[in-house]
Amino acid sequence: MGVKIGYVGVDHHHRDPYFAVASELDATVTAVCEPGRRVDVDNLTAMDDRPDEVTTEGQDAADLVAGAEVYEDPHRLASEADV
């Protein structure tokens, strides 16, 4: 594993292409955060319903962040996660 990424804004419509790009690099999303809300990374689905969105192009969004630590506070992610 190369670069470890902490991603803040899991509910943002640009999430899927960022996850997809990271999966093609020597990078892994090891921590995610949606401020003020705990997300279930095992059940993330692609944001295909947004017409302005570049999707994961057939990749499973949950697979792209499998095993990532989940945070509700971006400050905790930055200080506690190994990113």
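Two strands are counted as paired here if DSSP finds at least two bridges between them, and the strands themselves, like the helices, are DSSP runs numbered from the N terminus, with at least two residues for a strand (E) and at least four for a helix (H or I). With that in place, a word on what we are looking at. This is a predicted model, in which local features need pLDDT of at least 70 and side-chain atom pairs count only at pLDDT 80 or more, while totals for chains, interfaces and linings use all residues. Residues are numbered from 1 along each chain as its sequence is written, and side-chain values use heavy atoms, with hydrogens and water left out.

Let me start with the overall layout. The protein contains three helices and three strands, and along the sequence these follow the pattern β-α-β-α-β-α.

The strands form an open sheet in the order E1-E2-E3, with parallel pairing. E1 and E3 are its edge strands, each of them pairing on one side only, and neighbouring strands of the sheet are turned by 30° against each other on average, if direction is ignored; the axes behind that angle are lines fitted to C-alpha atoms, for helices over the stretch in contact, and angles run from 0 to 180 degrees between N-to-C directions.

Now to the individual pairings. Strand E1, residues 3-8, runs parallel to E2 over six bridges; within that pairing, valine 3 stands opposite alanine 27 of E2, and tyrosine 7 stands opposite valine 32. On the other side, E2 and strand E3, residues 69-71, pair in the parallel sense over three bridges, where cysteine 33 has tyrosine 71 of E3 as its bridge partner.

Why is strand E2 largely enclosed by the rest of the structure? Five of the seven residues of this strand, residues 27-33, are buried, so the rest of the structure largely encloses it; buried means under 20% relative accessible area, with exposed over 50% and partly exposed in between, for a 1.4 Å probe and protein chains only. For the protein as a whole, 37% of the 83 residues count as buried.

Finally, the connection and the contacts. E1, helix H1 (residues 15-24) and E2 make up a right-handed β-α-β unit. Taking a contact as heavy atoms within 4.5 Å, residues 24 or more positions apart account for 74% of the contacts with a separation of 6 or more.

Definitions and conventions:
Right-handed = clockwise from strand over helix to strand, strands pointing away.
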